[in-house]
Amino acid sequence: MAKELIKGNEAIIKGALLAGAECFFGYPITPASEVAHAAAFYFPAIGRTFLQAESEIASIQMCYGAASAGVRCMTASSGPGVSLKQEGVSYSAGSELPIVIADIMRGGPGLGNIAPEQSDYNQVVKGGGHGNYKCIVVAPNCGQEMCDLTILAFELADKYRTPVYLLADGFIGQMMEPVEFPEPMTIDQSHKAEWAIMGNTETVRNLITSIYLEPEELEDHNRKLQRKYAEIEKNEIRYEEYKTEDAEIILTGYGIVSRVLKSTVDALRKEGVKAGLFRPITLFPFPKAKFAEMAEKVDNILVAELSNGQMVDDVRLAIDCAKAKVHFYGRMGGVVPTVAEMVEKVNEIVKG
Amino acid sequence: MAKDILRKPGGFMDTFVYKPGHDKKNTHYCPGCGHGILHKLIAEALEDLGVADRTIMISPVGCSVFVYYYFATGNIQVAHGRAPAVATGLKRANPDSIVISYQGDGDLAAIGGNNILQAANRGENITVFFVNNAIYGMTGGQMAPTTLVGQKTMTSPYGRSVENEGHPIKIVELLNALESPAYLERTTLEDSKNIAKTRKAVRKAIQCQIDGKGFSLVEVLAMCPSQWRVSPVESKKWITDNMVPYFTPGVKRDVIDEREGYYPERPEIGSETILELLGLRKEKLFRDRSMSDVPEKYRNPQIKVAGFGGQGVLLLGQTLAEAGMRYGWNVSWIPSYGPEMRGGTANCQVNISEGPIGSPVVDFPTILVALNKPSLDKFEESVQPGGIIFYNTSMIDRKPARTDVEVIGVPFSEIADELGNLRFANMVVVGSILAKTKLIEMDIVKDALAEVIHHKKFIEPNIVAIERGASAV
Amino acid sequence: MPKIVVQIDHCKGCGMCIDACPQKCIEEDSDVLNKLGYHPAKYKGEGCIGCGICFYTCPEPDAIIVYKKDEVA
């Protein structure tokens, strides 16, 4: 299919519709509003449901309802809105509901600003809401992935019956790039009759709930969830490597930062510094083993984020006292580091 | 049709399989609880209306958190107060199902106040049973938004005071201020006559939904002998004496018969039509081309376009990116975003590259378009040596100072003005860029315009502007 | 003759039916302590007119069955 020059935020919606999304429930917030704009335009155009909810709290709960009815559904927001959604995300994880949530991150804390940050990492990757749960988190770094990873998010949500986040930043959301869209998918949802409540005789005995009154029962339920997360960690890790084979220093970051780091690697290589880029595409499951392996080979790993250092904690845990030293470079408030800035930082480390 | 035998209605599960413990036949409610009476009326209605199998009952948080133990329907347990939002999702996803939200006073009128208000205001075709017993039961007898003035609870131990907590909320009256609801009634369980009225209201509310007439809610004044600390029999009188005078029973809204039933339809749409409607089946001009015929210094440009908001800066960049894409090249476009947006200037950054684009951020452009003076002042220094600066002599009264870059001054705004609209200045720039750099051919940029300009009538004048821009350098 | 049957182990002894019965033909059975630990309601054996008021007043799903007509149970 011919390529489209399209904003990342809009690519999410076209990807979602091609993946068979039936419902979008949203609430406006910059810089995620274009996701809702596109949803408002395209969902009804092809006979599907768009509804602007009264709040972020309600929009995720509407997803809770639609997912329970056995259809693919999604919502989108940004930092402050995602904070509000955490109630519903915890319930959805507890009730094992497949829901896709796009988080187009902005600056925080509080109202912060509308510039790109990656400071939702902890609240999205570490759970955010109450309880022993995790969500799958996929992190696109280009327009094409805004489409492709949205589709993947729906597939993983269904496969594991769990909420899945598409974690992007304002930059990736606002950027236009060529995207090649797939053919519309025919999604067979009939297997969901096993658990969903579809308003028919077949599913009338199904129950969607997150309440388990007996401690042992709730523990069993939690253990089941942990087994699911272990399964996800076994099967679903995704990452990209760029010039890492002979690298002496690994640069790592996700989203827009990974794009800057890729150019940084090229610039450093021109200067004779053997740098490589490792980009986690899934943030949960986090590519722990891969980091551990790299940490035995290189002396330094530099983690760059648009935050105070959130993913870097996962890198440190993953390498578990291996040889490599972990460095961190972060910008906040909406400032994206330049390639020159990153080159300088790397040079400080390697020539240290 | 009157039945000869009254017994446990078919809307109940035969055995309460989800209920823990040995007792799978009786409710978890206290003796004399109003929930049990209402449950029976609902279960009977579901059976008699023949809709149990396609009904989804929503269990809230509160004493009725275990509604799902009892009803022979699809069941879903939800967060405190959110039932109307969940009901909305269920109903929108599957309009054929019958969705019943069963909520208590804390759930509906306190924490979920906005959720019920908005669902009612949207006229969601759902049925809500609102149990008002003026107290929080499950959490141990705390004050509810419907707790009566003077009523003592665990959190109003001196009695609810108007000064501290205000007056009890009258939900049906509140919702009656909205246009959308179809049916709103308040009933009570204080005696058999009123239970009969409640029975009728329950049926009517469900039928309202079956007939596609929209939002219905029945507020039921129900007894909570345990938390009121009276006997079950006394609790009936408690309703009569304390609740009924303030929460007046009666039909507050009934426009069911005035409405046409609405049944949303979900059309079957084929793949081709979906692609067309998503705008993915447009005829577009593509041409495989390498940059070898572009002068070397203009290849793989990193472009920054800057000017006032309203000068069409973003569209200018988008046109270049769209056109570049048509050759199979990699392109990226970013609007000014974040801190750079301050000060009323807009800019965008465009990469057009034969190879993959790493960072899409253009910190050091090879092409700078400066449409006003602040833009030139701000970005002149950042241009890469050997790069090129297009500047708008109509609005910039100085020449760029740089001597290591190519400098092209064009009165973009004046040309646009001559063409009849200052807003064409951006396309005059496009013309100048493609004439100077040979990066993009005229037929491609014209085709690209059709994609980036949504109003067809503006395409032709913009083409003229491009042509004028091309002849200006 | 109409009659009611109280399913003893499904009754919580709240007395709502006793209070509501227009014929006053239901009473508390103080001789019986049921599995739930209550003195259940008991039909006095005569006087029922099959009005069903006790059924709708009873909060438990399965505690009272009302036979409106002369039926074999």
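This report describes the chain contacts, the domain layout and one strand residue of a predicted model.

**Contacts between chains**

Two pairs of chains touch, and the pair with the most contacts is chains A and B. Chain A does not touch chain C; the nearest C-alpha atoms of these two chains are 19 Å apart.

Chain A gives 70 residues to its contact with chain B, and chain B gives 57 residues. On the side of chain A that touches chain B, the largest share comes from helix H3 (residues 56–68) of chain A, with eight residues. By class, that side of chain A consists of 39 nonpolar, 19 polar and 12 charged residues.

Strands also pair across the two chains: strand S9 (residues 207–208) of chain A runs parallel to strand S3 (residues 74–77) of chain B, over two bridges. In this pairing, A:Leu207 stands opposite B:Asn75 of S3(B).

**Domains**

Chain A and chain B are each divided into two domains, with the bounds and the distances between C-alpha centres listed below.

| Chain | Domain 1 | Domain 2 | Distance between C-alpha centres |
|---|---|---|---|
| Chain A | residues 4–235 | residues 240–351 | 28 Å |
| Chain B | residues 34–258 | residues 291–471 | 62 Å |

Within chain A, the contact between the domains takes 24 residues from domain 1 and 22 residues from domain 2. Several elements of chain A give two or more residues to the domain 1 side of this contact: helices H5 (121–125), H7 (170–174) and H8 (215–235), together with strands S6 (136–138) and S7 (164–169). The class composition of this side of domain 1 of chain A is 14 nonpolar, six polar and four charged residues.

**Surroundings of B:Val407**

B:Val407 belongs to strand S14 (residues 406–410) of chain B. B:Val407 counts as partly exposed because 17 C-beta neighbours lie inside 10 Å, whereas a buried residue would need 20 or more and an exposed one would have 12 or fewer.

Apart from neighbours within four places in sequence, the contacts of B:Val407 are with B:Ile389, B:Lys399, B:Pro400 and B:Arg402. A further distance in this region concerns B:Phe390: its C-alpha atom is 6.3 Å from that of B:Val407, although the two residues are 17 residues apart along the chain.

Key: Residues numbered from 1 in each chain as written. Chains lettered and ligands numbered in written order. Predicted model: local features only at pLDDT ≥ 70, side-chain atom pairs only at ≥ 80, totals over all residues. Contact = placed C-beta atoms within 7 Å. Domains from an automatic or database assignment. Helix = DSSP H or I, 4+ residues; strand = E, 2+ residues; numbered from the N terminus. Nonpolar A, V, L, I, M, F, W, Y, C, P; charged D, E, K, R; others polar. Pairing = 2+ DSSP bridges.
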